[in-house]
Amino acid sequence: MARELVRCSFFFWCAFSSAHECQDEAPTAVWLQLQSALQANQPSSQPGVCANPAPEDFDKPISAVLDKYPGRDGWCIFGAAADWCSTCAIGREEKAMRPYAEHQAKITTTTEYKYLQTGKEPKKVLLPEGTSYKSLTNVRDYHDLFCALNGLFNVSRSAALDDFEYLEQVSEERCLSVQSKVWNYFGLSINTLLWDPYPLSDALIEILTSDKPVVHLNQSFVDMFHYEAAVQCRLGDDQGALCVMAYCALRGCMGPDGAVGQTKHGECPPV
């Protein structure tokens with residue numbers, strides 16, 4: 001189970017980094033650091049951490065864990081597992097998401113293009129039947145796909161960053177949407193995320209860094225993005241703001257034709 005805890009911290013970071021970035025870490029060393037942090041820090045002394053969940057809580061449906069800690073947010077319950085968890089918990093508690101989004105943007109700047117920045121042109125990505133868009137254009141990386149395929153670009157960007165009530169409303173709508181796309185949605189646990197993402201992530205990197213201007217994604221990739229969003233919805237009990245939606249709003253936008261843009265490249269207006 002100790003291995004599962006450290007893999008949890010890996011996954012939440014990998015969701016916004018590359019697979020190689022995670023594989024470059026030393027699992028034993030990282031686990032020792034995490035174990036030390038879990039033992040040394042009491043929930044009341046560490047921002048964004050409100051509980052010290054038992055190992056078996058990582059296998060339970062998230063709803064059961066929330067019942068075990070009434071009044072607590074799923075993000076802070078598992079906050080000690082990763083910075084990404086605890087900073088989201090802080091943003092939700094303070095009802096202020098812009099600081100969270102800006103913090104995550106700074107972190108991902110150092111990893112986002114480490115393996116994907118090859119000097120090649122952005123891709124046109126053809127999607128499997130049944131997705132909202134037949135294709136996405138100007139796709140550069142994992143983040144573009146995650147935000148686009150989960151409908152997180154289709155919001156008022158400024159409101160998603162600065163209007164917490166608006167973010168709560170649209171987050172609940174997005175969670176309801178993803179619920180219909182994920183099998184066993186209400187049975188999802190933190191360990192649901194711990195199936196090995198590396199083969200799919202490595203394959204995705206290979207696709208996005210290929211010489212082909214047009215590439216295809218099969219349903220397995222789309223499902224991976226939906227599952228990641230679904231667990232984030234469950235951590236908030238499908239209520240309240242999705243932290244990642246604020247991050248996507250700060251990061252970029254998408255046109256009605258499926259063209260993805262990034263703020264830092266001047267393709268979307270700053271917010």
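**Exercise 1. Locate Lys 95 in this predicted model, then describe its backbone and its exposure.**

Step 1. Lys 95 sits in the loop that runs between helix H6 (83–94) and helix H7 (98–109).

Step 2. Now look at the backbone: Lys 95 is not a glycine, yet it has a positive phi of about 55°. As background, most residues other than glycine have a negative phi.

Step 3. For exposure, the cut-off to apply is over 50% relative accessible area. Lys 95 has 51% relative accessibility, so it counts as exposed.

**Exercise 2. Do the same for Asn 184: where is it placed, and is it buried, partly exposed or exposed?**

Step 1. The place to look is the loop between helix H10 (164–179) and helix H11 (198–208), which holds Asn 184.

Step 2. Asn 184 is not a glycine, but its phi is positive, at about 60°.

Step 3. The relative accessible area of Asn 184 is 39%, so this residue is partly exposed.

**Exercise 3. Find the salt-bridge partner of Arg 92 and say which parts of the chain the pair links.**

Step 1. A helpful reminder before you start: side chains of opposite charge can pair when their charged atoms come close.

Step 2. The partner is Asp 73, and the closest N and O atoms of Arg 92 and Asp 73 are 2.6 Å apart.

Step 3. This pair links distant parts of the chain, 19 residues apart: Arg 92 belongs to helix H6, while Asp 73 lies in the loop between helix H4 (62–68) and helix H5 (74–77).

Step 4. Check the surroundings of Arg 92 too. Its relative accessibility is 12%, so Arg 92 counts as buried.

**Exercise 4. Work out which salt bridges Arg 98 forms, with Glu 102 and with Asp 162, and where the partners lie.**

Step 1. Begin with Glu 102: the closest N and O atoms of Arg 98 and Glu 102 are 3.8 Å apart. The cut-off is within 4 Å, so the pair forms a salt bridge.

Step 2. Both Arg 98 and Glu 102 lie in helix H7, four residues apart, or about one turn of the helix. Glu 102 is partly exposed, with a relative accessible area of 36%.

Step 3. Turn to Asp 162, whose side chain meets that of Arg 98 in a salt bridge at 2.9 Å, N to O. Here distant parts of the chain are linked, with Arg 98 in helix H7 and Asp 162 in helix H9 (residues 157–162), 64 residues apart.

Step 4. Asp 162 has a relative accessible area of 52% and is exposed.

Step 5. Elsewhere, Asp 57, Lys 60 and Lys 68 are joined into one network by salt bridges that share partners. The count for the model comes to ten salt bridges.

**Exercise 5. Describe how helix H8 and helix H12 cross, and which residues make the contact.**

Step 1. The axes of H8 (residues 142–149) and H12 (residues 219–235) come within 9 Å and cross at roughly 70°.

Step 2. H8 and H12 are therefore roughly perpendicular to each other, and their crossing is right-handed.

Step 3. On the H8 side, the contact is made by Tyr 142, Leu 145, Phe 146 and Leu 149. H12 contributes Val 222, Met 224, Phe 225, His 226, Glu 228, Ala 229 and Gln 232.

Step 4. Sort these residues by type, and you get eight nonpolar, two polar and one charged.

**Exercise 6. How many helices and strands does the protein have, and what share of its residues is buried?**

Step 1. The protein has 13 helices and five strands.

Step 2. Of its 271 residues, 55% are buried.

Key: Residues are numbered from 1 along each chain as its sequence is written. This is a predicted model: local features need pLDDT of at least 70, side-chain atom pairs count only at pLDDT 80 or more; totals for chains, interfaces and linings use all residues. Side-chain values use heavy atoms; hydrogens and water are left out. Helices (H or I, at least four residues) and strands (E, at least two) are DSSP runs, numbered from the N terminus. Buried means under 20% relative accessible area, exposed over 50%, partly exposed in between (1.4 Å probe, protein chains only). Axes are lines fitted to C-alpha atoms, for helices over the stretch in contact, and angles run from 0 to 180 degrees between N-to-C directions. Angles under 35 degrees count as roughly parallel, over 145 as roughly antiparallel, 65 to 115 as roughly perpendicular and the rest as oblique. A crossing is left-handed if the near helix is turned anticlockwise from the far one by less than a right angle, and right-handed if clockwise. Contact means heavy atoms within 4.5 Å. Ala, Val, Leu, Ile, Met, Phe, Trp, Tyr, Cys and Pro count as nonpolar, Asp, Glu, Lys and Arg as charged, and the others, Gly among them, as polar.
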